[in-house]
Amino acid sequence: IKGLVAPHYDLRQAGPVYAWAYKELQEAETPTLFVVLGTCHAGLENGFAVTDKDFETPLGVVPTDRDVLDRFRNRGGTIFFEEDISHRNEHAIEFQLPFLQHLIGGKKPFTIVPVLCAFSPLHMNNPDLRETAEKIDLFIRTLKEAIAESGREACFIASAELAHIGMRYGDNKPPTDFSFHKCMQADLEMLKHVENLDADAFAKFILKEGDARRISGFGAIYTLLKLMQAEKGEVLRYDRGVTDQFNSTVTYAAMSFF
């Protein structure tokens, strides 16, 4: 298996969708290196924040891969460690770790490269945002080179939510069943580009919409597609979580790549 997209949403609501993603991991041949990509909601000056600090969950400590991270730093990735404090207040990485510990940790040791992402499709084609676009290209190229130099195989996991609709997220009225159905159709059309491993078409789809549905997982999914060497992707399950009494809604999906 080359990669997964999984939610970073409350386990009590999104648990079945996580399960569809990690069932694929359970049944596949897996490497011992996982690059976990998550959304940084607070924003990042450099587009990405990497840390070499280990992570701890109730199931124990998950070590970061010092070898790959040192290679990444030495090849020019130093600036992407500058904002590693951002990991302290985010949760997208942590949501994935108990699944990895449960499924992989009992069979063999594994390590992670934890990456927070914070950029939008606008960075792909707006000349005023060229500096961040160059940093995105630098990050992707440098991490690819570091992993290749290490001789390791990696599985990439995007911890990502999709649309955010409703008054909680800036709309002037609550979503209806009809508007959610339209959102679902748009999400699944958008994810066709992700299934086809076409990161640029994925970005253009969101730009064409004006990001009206607030796709928060764009950075993580885009980076996954650019880093991953896969042949095909598949949407396994799609669902939503309701976040307030006004029916504000977050959508998410499970995807696998081979």
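In this predicted model, arginine 73 is partly exposed, with a relative accessible area of 25%. That figure falls between the 20% mark for buried and the 50% mark for exposed, which is why the label is "partly exposed". Aspartate 52 gets the label too, again with a relative accessible area of 25%. These two residues join up in a salt bridge, and their closest N and O atoms are 3.1 Å apart. Arginine 73 belongs to helix α2 (residues 66–77), while aspartate 52 is in the loop between β3 (48–50) and β4 (55–57), so the bridge ties together parts that are 21 residues apart in sequence. Arginine 73 has a second partner of another kind: it lies over the face of phenylalanine 81, at 4.0 Å from the ring centre. A similar arrangement turns up at arginine 240, which sits over the face of phenylalanine 180, 3.9 Å from the ring centre.

Back to charged pairs: the model has 18 salt bridges in the count. One of them brings together the side chains of glutamate 145 and arginine 75, at 3.2 Å from N to O. Here the partners come from two helices, glutamate 145 from α4 (residues 130–150) and arginine 75 from α2, so parts 70 residues apart in sequence get tied together. Glutamate 145 has a relative accessibility of 30% and counts as partly exposed, and arginine 75 is partly exposed as well, at 37%. This pair doesn't stand alone, either: Asp67, Arg71, Arg75, Glu145 and Glu149 are all linked in a network of salt bridges.

Arginine 213 and glutamate 209 make another salt bridge, with 3.0 Å between N and O. Its two ends have different labels: arginine 213 is buried, with a relative accessible area of 9%, whereas glutamate 209 is partly exposed at 26%. Since buried means under 20%, the 9% of arginine 213 clears that cut-off and the 26% of glutamate 209 doesn't.

Next come the strands. Strand β1 covers residues 3–6, with Gly3 and Val5 pointing one way and Leu4 and Ala6 the other, and all of them are buried. What does β1 pair with? One partner is strand β7 (residues 154–159), which runs parallel to β1 and is joined to it by four bridges. Within that pairing, alanine 6 has serine 159 as its bridge partner. The other pairing is with strand β10 (residues 249–257), this time antiparallel and over three bridges. There, leucine 4 is matched with serine 256.

Now for the nonpolar side chains. In soluble globular proteins, such side chains tend to be buried together. The largest nonpolar core in this model has 52 residues, and those with the most contacts inside it are Val35, Val115, Phe139, Ile221, Leu224, Leu225 and Phe257. Helix α7 (residues 218–227) supplies the largest share of this core, seven residues. What does leucine 224 touch, leaving out residues up to four places away in sequence? The list is Leu4, Val5, Leu37, Phe156, Ile157, Ala158 and Phe257. Leu4 and Val5 in that list are residues of strand β1. A separate core of 32 residues lies apart from the largest one, and among its members are Tyr9, Tyr18, Phe55 and Leu236.

Aromatic rings are the last topic, and the structure holds 16 aromatic pairs. A pair of rings is described by the distance of the centres and the angle of the planes. For tyrosine 9 and tyrosine 252, the centres are 5.1 Å apart and the planes are at 35°, so the pair counts as tilted. Tyrosine 9 is in the loop between β1 and α1 (11–27) and tyrosine 252 is in strand β10, so this pair ties together parts 243 residues apart in sequence. Both tyrosine 9 and tyrosine 252 are buried. Tyrosine 18 and phenylalanine 99, on the other hand, are stacked, at 4.9 Å centre to centre with 10° between the planes. This pair links helix α1, home of tyrosine 18, to helix α3 (residues 92–105), home of phenylalanine 99, and the two residues are 81 apart. Tyrosine 18 counts as buried, at 0% relative accessibility. Finally, ring pairs also build a cluster, made up of Phe48, Phe72, Phe80, Phe81, Phe119, Phe139, Phe202, Phe218 and Tyr222. Phe81 in this cluster is the ring whose face arginine 73 lies over.

How values were computed: Residues are numbered from 1 along each chain as its sequence is written. This is a predicted model: local features need pLDDT of at least 70, side-chain atom pairs count only at pLDDT 80 or more; totals for chains, interfaces and linings use all residues. Side-chain values use heavy atoms; hydrogens and water are left out. Buried means under 20% relative accessible area, exposed over 50%, partly exposed in between (1.4 Å probe, protein chains only). Two strands pair if DSSP finds at least two bridges between them. A nonpolar core is a set of buried Ala, Val, Leu, Ile, Met, Phe, Trp, Tyr and Cys residues joined through side-chain atoms within 4.5 Å. Contact means heavy atoms within 4.5 Å. A salt bridge is a side-chain nitrogen of Lys or Arg within 4 Å of a carboxyl oxygen of Asp or Glu. Rings of Phe, Tyr and Trp (its six-membered ring) pair if their centres lie within 6.5 Å; planes under 30 degrees apart count as stacked, over 60 as edge-to-face and the rest as tilted. A charge sits over a ring if NZ of Lys or CZ of Arg is within 6 Å of the ring centre and within 35 degrees of the ring normal.
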